[in-house]
Amino acid sequence: MKVVGIGDLLIPKEYIEEGFKRFKDYGTQLQVVEWSLNSYEELQNINLLVETKGCEVYEVPEYIVDSVKDADIIITQFCPITKEVIDNCKNLKAIGVLRGGYENVNLDYAGKKGIPVFNTPGRNSNAVADFTVGLLISECRNIAKSHRNLKNGEWIRDYSNAEYVPDLADKTVGIVGFGEIGRKVAKRLEGFDMKVVVYDPFLKDDSEVNKVSLEELMKTSDFVTLHARLTKETEKLINKDLLGLMKPTAYLINSARSGLVDEEALYEALKNKEIAGSALDVFDKEPPGKEYPLVTLENVTITPHLAGGTKDAFTSSPKILGEEMIKLLSGEKPRGTVNEKVYEESKENFIINKI
(Lines give C-alpha, C1' and ligand atoms only; values in the text may rest on other atoms or scores of the structure.)
Protein backbone atom coordinates (compact mmCIF):
# COMPACT_ATOMS: atom_id res chain seq x y z
CA MET A 1 0.00 0.00 0.00
CA LYS A 2 1.23 3.51 -0.79
CA VAL A 3 0.30 6.83 0.81
CA VAL A 4 1.06 9.97 -1.20
CA GLY A 5 0.74 13.37 0.45
CA ILE A 6 0.51 16.73 -1.29
CA GLY A 7 2.32 19.40 0.70
CA ASP A 8 1.80 23.13 0.27
CA LEU A 9 3.03 26.43 1.65
CA LEU A 10 1.14 25.98 4.93
CA ILE A 11 1.55 22.24 5.49
CA PRO A 12 4.88 21.31 3.91
CA LYS A 13 6.36 17.89 3.25
CA GLU A 14 7.95 17.36 6.67
CA TYR A 15 4.66 17.93 8.53
CA ILE A 16 2.89 15.24 6.50
CA GLU A 17 5.80 12.82 6.84
CA GLU A 18 5.74 13.25 10.62
CA GLY A 19 1.96 12.91 10.89
CA PHE A 20 1.78 9.73 8.82
CA LYS A 21 5.03 8.04 9.86
CA ARG A 22 3.20 5.27 11.74
CA PHE A 23 1.90 3.93 8.45
CA LYS A 24 5.41 2.61 7.84
CA ASP A 25 4.87 0.16 10.72
CA TYR A 26 2.42 -1.61 8.42
CA GLY A 27 4.89 -1.79 5.55
CA THR A 28 3.22 1.14 3.81
CA GLN A 29 5.21 3.39 1.49
CA LEU A 30 4.99 7.10 2.27
CA GLN A 31 5.79 9.75 -0.33
CA VAL A 32 5.09 13.51 -0.34
CA VAL A 33 5.07 15.82 -3.35
CA GLU A 34 5.20 19.59 -2.90
CA TRP A 35 2.55 21.68 -4.67
CA SER A 36 4.69 24.52 -6.01
CA LEU A 37 3.04 27.92 -5.69
CA ASN A 38 4.55 31.39 -5.95
CA SER A 39 3.01 32.86 -2.82
CA TYR A 40 0.55 32.45 0.01
CA GLU A 41 -1.73 34.88 -1.84
CA GLU A 42 -1.83 32.55 -4.83
CA LEU A 43 -2.79 29.68 -2.55
CA GLN A 44 -5.56 31.76 -1.00
CA ASN A 45 -6.90 32.79 -4.40
CA ILE A 46 -7.04 29.20 -5.63
CA ASN A 47 -8.71 28.09 -2.42
CA LEU A 48 -11.34 30.84 -2.64
CA LEU A 49 -12.04 29.96 -6.26
CA VAL A 50 -12.47 26.28 -5.38
CA GLU A 51 -14.69 27.03 -2.38
CA THR A 52 -17.02 29.20 -4.46
CA LYS A 53 -17.03 27.32 -7.78
CA GLY A 54 -16.04 23.74 -6.94
CA CYS A 55 -12.83 21.78 -7.28
CA GLU A 56 -13.15 21.15 -11.03
CA VAL A 57 -12.56 24.85 -11.73
CA TYR A 58 -8.83 24.32 -11.10
CA GLU A 59 -6.56 22.28 -13.37
CA VAL A 60 -4.22 20.29 -11.17
CA PRO A 61 -0.59 20.49 -12.41
CA GLU A 62 0.57 17.48 -14.39
CA TYR A 63 3.45 16.74 -12.00
CA ILE A 64 0.92 16.37 -9.15
CA VAL A 65 -1.33 14.10 -11.22
CA ASP A 66 1.69 11.98 -12.14
CA SER A 67 3.04 11.84 -8.58
CA VAL A 68 -0.17 10.42 -7.11
CA LYS A 69 -1.00 7.98 -9.93
CA ASP A 70 0.04 4.87 -7.96
CA ALA A 71 -1.36 6.03 -4.59
CA ASP A 72 -3.70 3.88 -2.52
CA ILE A 73 -4.31 6.86 -0.23
CA ILE A 74 -3.96 10.55 -1.14
CA ILE A 75 -3.49 13.17 1.58
CA THR A 76 -4.09 16.83 0.69
CA GLN A 77 -4.86 20.13 2.35
CA PHE A 78 -5.82 22.65 -0.34
CA CYS A 79 -4.70 20.98 -3.59
CA PRO A 80 -7.88 19.89 -5.44
CA ILE A 81 -8.60 16.22 -6.01
CA THR A 82 -10.55 16.36 -9.25
CA LYS A 83 -12.16 13.80 -11.53
CA GLU A 84 -8.95 13.76 -13.58
CA VAL A 85 -6.82 13.02 -10.52
CA ILE A 86 -9.16 10.25 -9.37
CA ASP A 87 -9.34 8.65 -12.83
CA ASN A 88 -5.55 8.69 -13.06
CA CYS A 89 -5.18 6.76 -9.77
CA LYS A 90 -5.97 3.14 -10.57
CA ASN A 91 -5.35 1.89 -7.01
CA LEU A 92 -6.97 4.74 -5.09
CA LYS A 93 -8.80 3.56 -1.99
CA ALA A 94 -9.13 6.70 0.16
CA ILE A 95 -8.65 10.47 0.25
CA GLY A 96 -7.67 12.37 3.39
CA VAL A 97 -8.16 16.14 3.72
CA LEU A 98 -6.04 18.02 6.26
CA ARG A 99 -8.79 20.46 7.27
CA GLY A 100 -12.42 20.59 8.28
CA GLY A 101 -13.72 21.50 4.83
CA TYR A 102 -13.48 19.19 1.83
CA GLU A 103 -14.63 21.48 -0.98
CA ASN A 104 -11.42 20.73 -2.87
CA VAL A 105 -12.41 17.08 -3.34
CA ASN A 106 -14.91 15.91 -5.97
CA LEU A 107 -16.89 14.09 -3.32
CA ASP A 108 -19.67 12.89 -5.63
CA TYR A 109 -17.25 11.36 -8.10
CA ALA A 110 -15.15 9.79 -5.34
CA GLY A 111 -18.33 8.20 -3.99
CA LYS A 112 -19.27 6.80 -7.39
CA LYS A 113 -15.81 5.23 -7.56
CA GLY A 114 -16.23 3.71 -4.09
CA ILE A 115 -13.57 5.94 -2.53
CA PRO A 116 -14.23 7.16 1.03
CA VAL A 117 -13.13 10.66 2.02
CA PHE A 118 -11.88 11.64 5.47
CA ASN A 119 -11.45 15.17 6.85
CA THR A 120 -9.92 16.71 9.96
CA PRO A 121 -12.76 18.32 11.91
CA GLY A 122 -11.66 20.78 14.55
CA ARG A 123 -8.03 20.87 13.38
CA ASN A 124 -7.93 24.66 13.81
CA SER A 125 -10.83 24.99 16.22
CA ASN A 126 -8.70 26.55 18.96
CA ALA A 127 -7.20 29.03 16.51
CA VAL A 128 -10.58 30.14 15.16
CA ALA A 129 -12.22 30.26 18.58
CA ASP A 130 -9.43 32.43 19.98
CA PHE A 131 -9.54 34.74 16.98
CA THR A 132 -13.32 35.05 17.16
CA VAL A 133 -13.15 36.29 20.74
CA GLY A 134 -10.45 38.72 19.67
CA LEU A 135 -12.62 40.05 16.83
CA LEU A 136 -15.61 40.45 19.13
CA ILE A 137 -13.71 42.44 21.74
CA SER A 138 -11.77 44.44 19.17
CA GLU A 139 -14.96 45.67 17.46
CA CYS A 140 -17.10 46.51 20.48
CA ARG A 141 -14.19 48.16 22.34
CA ASN A 142 -12.76 49.86 19.22
CA ILE A 143 -9.30 48.40 19.74
CA ALA A 144 -8.29 48.05 16.08
CA LYS A 145 -9.78 51.42 15.11
CA SER A 146 -8.08 53.32 17.90
CA HIS A 147 -4.78 51.57 17.15
CA ARG A 148 -5.04 52.69 13.51
CA ASN A 149 -5.87 56.24 14.52
CA LEU A 150 -2.97 56.52 16.95
CA LYS A 151 -0.62 55.21 14.25
CA ASN A 152 -1.96 58.04 12.09
CA GLY A 153 -1.30 60.59 14.84
CA GLU A 154 -4.99 60.94 15.81
CA TRP A 155 -6.15 60.87 19.45
CA ILE A 156 -9.76 59.70 19.14
CA ARG A 157 -11.71 58.27 22.07
CA ASP A 158 -15.29 58.40 20.82
CA TYR A 159 -16.54 56.08 18.09
CA SER A 160 -19.92 55.29 16.56
CA ASN A 161 -20.86 53.17 19.59
CA ALA A 162 -19.71 55.77 22.14
CA GLU A 163 -23.08 55.85 23.92
CA TYR A 164 -23.26 52.10 24.54
CA VAL A 165 -19.74 50.60 24.64
CA PRO A 166 -20.46 47.34 26.49
CA ASP A 167 -19.00 45.18 29.19
CA LEU A 168 -19.21 41.52 28.17
CA ALA A 169 -20.50 40.30 31.53
CA ASP A 170 -24.22 39.48 31.49
CA LYS A 171 -24.51 40.14 27.74
CA THR A 172 -25.95 37.45 25.48
CA VAL A 173 -23.95 35.88 22.68
CA GLY A 174 -25.80 33.94 20.01
CA ILE A 175 -23.75 31.17 18.38
CA VAL A 176 -24.90 30.01 14.96
CA GLY A 177 -23.44 26.54 14.41
CA PHE A 178 -22.47 24.54 17.48
CA GLY A 179 -19.74 22.24 16.25
CA GLU A 180 -16.24 22.12 17.69
CA ILE A 181 -15.50 25.79 17.00
CA GLY A 182 -18.87 27.00 18.25
CA ARG A 183 -18.47 25.01 21.47
CA LYS A 184 -15.01 26.41 22.09
CA VAL A 185 -16.21 29.95 21.48
CA ALA A 186 -18.99 29.35 24.00
CA LYS A 187 -16.51 28.04 26.58
CA ARG A 188 -14.27 31.06 26.17
CA LEU A 189 -17.09 33.60 26.35
CA GLU A 190 -18.69 31.93 29.35
CA GLY A 191 -15.40 32.79 31.05
CA PHE A 192 -16.38 36.44 30.54
CA ASP A 193 -19.69 35.71 32.33
CA MET A 194 -21.67 35.96 29.12
CA LYS A 195 -24.96 34.18 28.53
CA VAL A 196 -24.94 31.78 25.56
CA VAL A 197 -27.79 30.86 23.23
CA VAL A 198 -27.33 28.49 20.30
CA TYR A 199 -28.90 27.84 16.91
CA ASP A 200 -27.98 24.58 15.22
CA PRO A 201 -30.67 22.46 13.50
CA PHE A 202 -28.41 19.39 13.72
CA LEU A 203 -27.86 19.71 17.44
CA LYS A 204 -29.69 17.18 19.56
CA ASP A 205 -31.38 18.43 22.70
CA ASP A 206 -28.62 19.32 25.10
CA SER A 207 -29.49 20.44 28.62
CA GLU A 208 -26.11 22.16 28.87
CA VAL A 209 -26.94 24.74 26.18
CA ASN A 210 -29.88 27.03 25.54
CA LYS A 211 -31.00 26.01 22.04
CA VAL A 212 -33.31 28.54 20.35
CA SER A 213 -34.67 29.33 16.91
CA LEU A 214 -32.56 31.48 14.61
CA GLU A 215 -35.13 34.27 14.82
CA GLU A 216 -35.05 34.21 18.62
CA LEU A 217 -31.26 34.22 18.62
CA MET A 218 -31.10 37.26 16.35
CA LYS A 219 -33.66 39.16 18.46
CA THR A 220 -32.14 38.51 21.87
CA SER A 221 -28.38 38.44 21.29
CA ASP A 222 -26.03 41.32 21.97
CA PHE A 223 -23.45 39.54 19.82
CA VAL A 224 -24.08 37.05 17.01
CA THR A 225 -21.13 34.90 15.93
CA LEU A 226 -21.21 32.53 12.95
CA HIS A 227 -19.69 29.05 12.93
CA ALA A 228 -21.91 27.07 10.55
CA ARG A 229 -20.63 25.19 7.52
CA LEU A 230 -21.37 26.84 4.17
CA THR A 231 -23.77 24.68 2.13
CA LYS A 232 -26.55 25.33 -0.34
CA GLU A 233 -28.92 25.44 2.64
CA THR A 234 -26.86 27.94 4.63
CA GLU A 235 -25.84 30.26 1.79
CA LYS A 236 -26.92 33.81 2.74
CA LEU A 237 -28.49 32.37 5.88
CA ILE A 238 -28.11 35.74 7.56
CA ASN A 239 -30.26 37.86 5.28
CA LYS A 240 -31.93 41.27 5.40
CA ASP A 241 -34.91 40.03 7.41
CA LEU A 242 -32.78 38.40 10.09
CA LEU A 243 -30.45 41.38 10.32
CA GLY A 244 -33.56 43.49 10.82
CA LEU A 245 -34.35 41.51 13.97
CA MET A 246 -31.09 42.43 15.68
CA LYS A 247 -30.83 45.03 18.41
CA PRO A 248 -29.46 48.40 17.28
CA THR A 249 -26.70 47.87 19.87
CA ALA A 250 -25.79 44.36 18.66
CA TYR A 251 -22.75 43.14 16.73
CA LEU A 252 -22.30 40.47 14.05
CA ILE A 253 -19.04 38.48 14.02
CA ASN A 254 -18.05 36.26 11.07
CA SER A 255 -14.85 34.21 11.13
CA ALA A 256 -16.41 31.28 9.24
CA ARG A 257 -17.47 31.75 5.61
CA SER A 258 -18.53 34.97 3.90
CA GLY A 259 -21.27 33.16 2.01
CA LEU A 260 -23.23 32.67 5.23
CA VAL A 261 -24.15 36.37 5.10
CA ASP A 262 -25.88 38.50 2.49
CA GLU A 263 -23.08 41.07 2.23
CA GLU A 264 -25.26 43.73 0.58
CA ALA A 265 -27.84 43.46 3.35
CA LEU A 266 -25.10 43.63 6.00
CA TYR A 267 -23.60 46.69 4.36
CA GLU A 268 -26.96 48.49 4.40
CA ALA A 269 -27.63 47.54 8.03
CA LEU A 270 -24.25 48.88 9.10
CA LYS A 271 -24.37 51.97 6.93
CA ASN A 272 -27.80 52.90 8.30
CA LYS A 273 -26.69 52.10 11.90
CA GLU A 274 -29.41 49.46 12.22
CA ILE A 275 -26.88 47.39 14.15
CA ALA A 276 -23.90 48.64 16.15
CA GLY A 277 -21.11 47.00 14.23
CA SER A 278 -19.53 43.94 12.70
CA ALA A 279 -16.17 42.15 12.75
CA LEU A 280 -15.27 40.21 9.61
CA ASP A 281 -12.40 37.90 8.70
CA VAL A 282 -13.98 36.75 5.42
CA PHE A 283 -15.39 38.47 2.34
CA ASP A 284 -17.17 37.50 -0.87
CA LYS A 285 -14.18 38.89 -2.74
CA GLU A 286 -10.71 38.38 -1.32
CA PRO A 287 -8.71 40.53 -1.10
CA PRO A 288 -11.53 43.09 -0.95
CA GLY A 289 -9.60 46.30 -1.71
CA LYS A 290 -9.94 49.64 0.05
CA GLU A 291 -13.03 50.68 -1.96
CA TYR A 292 -14.94 47.51 -1.06
CA PRO A 293 -18.26 48.64 0.47
CA LEU A 294 -17.82 46.93 3.85
CA VAL A 295 -14.22 48.16 4.10
CA THR A 296 -15.32 51.78 3.79
CA LEU A 297 -17.55 51.71 6.88
CA GLU A 298 -16.46 53.06 10.25
CA ASN A 299 -18.37 50.50 12.34
CA VAL A 300 -16.54 47.42 11.03
CA THR A 301 -13.36 45.66 12.17
CA ILE A 302 -11.75 43.72 9.33
CA THR A 303 -8.95 41.16 9.05
CA PRO A 304 -7.59 39.29 5.99
CA HIS A 305 -8.84 35.70 6.53
CA LEU A 306 -6.47 35.03 9.43
CA ALA A 307 -8.65 33.15 11.92
CA GLY A 308 -7.45 29.60 11.37
CA GLY A 309 -3.84 30.37 10.55
CA THR A 310 -1.69 29.46 13.53
CA LYS A 311 1.51 27.46 13.50
CA ASP A 312 -0.01 25.00 15.95
CA ALA A 313 -3.04 24.36 13.72
CA PHE A 314 -0.92 23.56 10.66
CA THR A 315 1.60 21.46 12.61
CA SER A 316 -1.03 19.38 14.38
CA SER A 317 -3.34 18.76 11.41
CA PRO A 318 -1.35 15.86 9.84
CA LYS A 319 -0.90 14.29 13.27
CA ILE A 320 -4.65 14.43 13.93
CA LEU A 321 -5.60 12.99 10.53
CA GLY A 322 -2.80 10.44 10.60
CA GLU A 323 -3.90 9.11 14.00
CA GLU A 324 -7.43 8.67 12.67
CA MET A 325 -6.71 7.26 9.21
CA ILE A 326 -4.29 4.64 10.52
CA LYS A 327 -7.34 3.05 12.11
CA LEU A 328 -8.35 2.00 8.59
CA LEU A 329 -5.54 -0.54 8.53
CA SER A 330 -6.94 -2.43 11.51
CA GLY A 331 -10.60 -2.20 10.52
CA GLU A 332 -11.56 0.60 12.88
CA LYS A 333 -13.67 3.51 11.63
CA PRO A 334 -11.84 6.87 11.70
CA ARG A 335 -13.40 9.98 13.09
CA GLY A 336 -13.99 12.43 10.25
CA THR A 337 -15.50 9.95 7.80
CA VAL A 338 -17.29 12.18 5.30
CA ASN A 339 -19.13 9.66 3.10
CA GLU A 340 -19.93 6.94 5.64
CA LYS A 341 -21.89 4.65 3.33
CA VAL A 342 -18.97 4.49 0.91
CA TYR A 343 -16.62 3.72 3.81
CA GLU A 344 -18.82 0.88 5.08
CA GLU A 345 -18.89 -0.68 1.62
CA SER A 346 -15.11 -0.44 1.17
CA LYS A 347 -13.60 -0.85 4.65
CA GLU A 348 -12.36 -4.38 4.01
CA ASN A 349 -10.02 -3.00 1.33
CA PHE A 350 -7.78 -1.34 3.92
CA ILE A 351 -7.11 -4.00 6.54
CA ILE A 352 -3.50 -5.20 6.63
CA ASN A 353 -1.45 -6.84 9.36
CA LYS A 354 1.09 -4.81 11.27
CA ILE A 355 4.71 -5.81 10.76
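Biologist: Which residue follows α6, and what is the sign of its phi?

Modeller: Keep in mind that this is a predicted model. Right after helix α6 comes N142. The phi of N142 lies near 60°, and its sign is positive.

Biologist: How far apart are the end C-alpha atoms of α6, and what span should its residues give?

Modeller: Helix α6 covers residues 125-140, which is 16 residues. At 1.5 Å a residue, the helix should span 22 Å. The prediction agrees with that, because the end C-alpha atoms are apart by 23 Å.

Biologist: Which elements do the buried residues of α6 pack against?

Modeller: Helix α6 has a number of buried residues, among them A127, V128, L135 and L136. These buried residues pack against two helices and several strands of the chain. By name, they are α7, α8, β9, β10, β11 and β12.

Biologist: Is N299 buried or exposed?

Modeller: You will find N299 in the loop between β11 and β12. A residue counts as buried when its relative accessible area is under 20%. For N299 the relative accessibility is 1%, so N299 is buried.

Biologist: Which backbone oxygen lies 3.0 Å from a polar atom of the N299 side chain?

Modeller: N299 touches several residues beyond four places away in sequence, including E139, K145, S160 and L270. One of these also offers a polar partner to the side chain of N299, at 3.0 Å. That partner is the backbone oxygen of L270.

Biologist: What is the radius of gyration of the protein chain?

Modeller: The chain holds 13 helices and 12 strands. For its 355 residues the globule rule gives 20 Å, and the chain's own value is close to that, so it is as compact as a globular protein of that length. Its C-alpha trace spans about 70 × 45 × 30 Å along the principal axes. The radius of gyration is 22 Å.

Biologist: What share of the contacts with a separation of 6 or more joins residues 24 or more positions apart?

Modeller: Buried residues make up 52% of the protein chain. Turning to contacts with a separation of 6 or more, we can ask how many link residues 24 or more positions apart. The share is 66%.

Biologist: How many residues of strand β1 are buried?

Modeller: In a regular strand the side chains alternate between the two faces of the sheet. In β1, K2, V4 and I6 are buried on one side, and V3, G5 and G7 are buried on the other. The strand is therefore largely enclosed by the rest of the structure, with a buried count of six of six.

Biologist: Which strands stand at the edges of the open sheet of five strands?

Modeller: The sheet has parallel pairing and the order β2-β1-β3-β4-β5. Within it, β1 pairs with β2 over six bridges, and G5 stands opposite V32. An edge strand has a single partner, so one side of it is left without a neighbour in the sheet. The edge strands are β2 and β5.

Biologist: Which backbone nitrogen does the side chain of E263 reach at 2.9 Å?

Modeller: E263 sits in helix α11 and counts as buried, because its relative accessibility is 12%. Leaving aside neighbours within four places in sequence, E263 is in contact with S258, V282, F283, D284, Y292 and L294. At 2.9 Å, its side chain reaches the backbone nitrogen of D284.

Definitions and conventions:
Residues are numbered from 1 along each chain as its sequence is written. This is a predicted model: local features need pLDDT of at least 70, side-chain atom pairs count only at pLDDT 80 or more; totals for chains, interfaces and linings use all residues. Side-chain values use heavy atoms; hydrogens and water are left out. Helices (H or I, at least four residues) and strands (E, at least two) are DSSP runs, numbered from the N terminus. The expected span of a helix is 1.5 Å times one less than its number of residues. Buried means under 20% relative accessible area, exposed over 50%, partly exposed in between (1.4 Å probe, protein chains only). Contact means heavy atoms within 4.5 Å. A polar contact is a pair of N or O atoms within 3.5 Å; within protein, one must be able to donate a hydrogen and the other to accept it, and residues adjacent in sequence count only if both atoms are side-chain atoms. The radius of gyration is taken over C-alpha atoms; the globule rule is 2.2 Å times the number of residues to the power 0.38. Two strands pair if DSSP finds at least two bridges between them.
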